[in-house]
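Please open the structure in your viewer and keep the sequence beside it, so that each stop on this tour can be selected by its residue number. Take the stops in order, and pause at each one before you read on.

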Amino acid sequence: MNIVKLINLHKMFIRCLKLSVRIVDVDTVKIEKRLGGPVKRVFAGISNKLLFSIGVFNPGEGLNPHIHPESDEVYYVLDGEGTVHIGEDRKEYRINAGLALYIPSGTIHSVTNTSSGKLTVAFFIAPGTEPPIEV
């Protein structure tokens, strides 16, 4: 192999290492206590445009009321049933598997598993660069 081909292969290898694509087995992500509830931070700190977490809540568990001052959030319920409280008046909404909920930045919100089974919710926060504030 000549030196030019070797250099080109090396450059291609370096470009591959810099790719931003990440593939994660969510089952291997450690559960952390966040906002009072168990959360798996799947993609955190790898982008300044998106934070992705999954909450796996037993009956009675959930996230305390909080806001994301500069970030919008989408909840997608993967499994189970529960309740979210949204806004200053903490309006209650029932949630269940297959439901998606958009929450604008600065909006108070919380989630609680009010069922007898597990509640699993995916959280997409954009840009997700600032920490949430409990209220």
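Which residue forms a salt bridge with Glu-81? Select Glu-81 and Arg-94 together, and you will find the pair that forms the salt bridge, with the closest N and O atoms 3.8 Å apart. The two partners link distant parts of the chain, since Glu-81 belongs to strand β6 and Arg-94 to strand β7, and they are 13 residues apart. Glu-81 has a relative accessible area of 39% and is therefore partly exposed, and Arg-94, with a relative accessible area of 47%, is partly exposed as well. Keep in mind throughout the tour that this is a predicted model.

**The whole chain**

Now zoom out and colour the chain by secondary structure, which comes to one helix and eleven strands. If you begin at the N terminus, you meet the helix, and then one strand after another until the eleven are complete. The chain has 135 residues, and buried residues make up 34% of them.

**A second salt bridge**

The count of salt bridges comes to two, and the one still to be visited is found by selecting Glu-32 and Arg-34, whose closest N and O atoms are 3.2 Å apart. As general background, side chains of opposite charge can pair when their charged atoms come close. Glu-32 counts as partly exposed because its relative accessibility is 26%, which lies between the 20% limit for buried and the 50% limit for exposed. Arg-34 is also partly exposed, with a relative accessible area of 34%.

**The largest pocket**

Keep Arg-34 selected and turn to the largest pocket, which has a volume of about 250 Å³. It is lined by 16 residues, and the closest to its centre are Arg-34, Leu-35, Arg-41, Leu-51 and Pro-132. To see which strands take part, highlight β2 (37-43), β3 (51-57), β4 (62-67) and β10 (119-126), each of which supplies at least two residues of the lining. If you colour the lining by residue type, you should find eight nonpolar, four polar and four charged residues.

**Two positive phi angles**

Select Leu-35 next, in the loop between β1 (31-34) and β2. Is Leu-35 buried or exposed? Its relative accessibility is 16%, so Leu-35 counts as buried. Its phi is near 55°, a positive value in a residue other than glycine. Most residues other than glycine have a negative phi, and most peptide bonds are trans. Another residue to examine in this way is Arg-90, in the loop between β6 (81-86) and β7 (91-96), where phi is near 55° and again positive in a residue other than glycine. Arg-90 is partly exposed, with a relative accessible area of 33%.

**A cis peptide bond**

Move on to Ala-126 and Pro-127 and look along the backbone that joins them, where the peptide bond is cis, with omega near 0°. Pro-127 is found in the loop between β10 and β11 (133-134), and it counts as partly exposed because its relative accessibility is 27%. Which part of the sequence comes to within a short step of this loop can be explored by adding Lys-49 to the selection: Pro-127 and Lys-49 are 78 residues apart in sequence, and yet their C-alpha atoms are 4.1 Å apart in space.

**A nonpolar patch on the surface**

Show the surface and select Leu-50, Val-74, Tyr-76, Leu-78, Tyr-102 and Phe-124, which form a nonpolar patch with about 520 Å² of accessible area together. Which strand gives the largest share of this patch? Strand β5 (residues 72-79) does, with three residues. Leu-50 is found in the loop between β2 and β3, and it counts as partly exposed because its relative accessibility is 39%.

**A buried residue to finish**

For the last stop, hide the surface and select Phe-57, which lies in strand β3. At 0% relative accessibility, Phe-57 falls under the 20% limit and so counts as buried. Add Pro-38 to the selection, and you will have a pair that is 19 residues apart in sequence and 6.5 Å apart in space, C-alpha to C-alpha.

Note on methods: Residues are numbered from 1 along each chain as its sequence is written. This is a predicted model: local features need pLDDT of at least 70, side-chain atom pairs count only at pLDDT 80 or more; totals for chains, interfaces and linings use all residues. Side-chain values use heavy atoms; hydrogens and water are left out. On a 1 Å grid over the protein atoms alone, a cavity is a set of points where a 1.4 Å probe fits but cannot get out, and a pocket is an open set with protein on both sides within 12 Å along at least five of seven lines; lining residues have an atom within 4 Å of a point. Grid points are joined across faces, edges and corners, and a volume is the space filled by probe spheres set on the points. Helices (H or I, at least four residues) and strands (E, at least two) are DSSP runs, numbered from the N terminus. Ala, Val, Leu, Ile, Met, Phe, Trp, Tyr, Cys and Pro count as nonpolar, Asp, Glu, Lys and Arg as charged, and the others, Gly among them, as polar. Patches are made of residues with over 30% relative accessible area and no salt bridge: like charges are joined within 9 Å, nonpolar side chains (Val, Leu, Ile, Met, Phe, Trp, Tyr) within 5 Å. Accessible areas come from the Shrake-Rupley method with a 1.4 Å probe; for residues, only the protein chains shown count as cover. A salt bridge is a side-chain nitrogen of Lys or Arg within 4 Å of a carboxyl oxygen of Asp or Glu. Buried means under 20% relative accessible area, exposed over 50%, partly exposed in between (1.4 Å probe, protein chains only).
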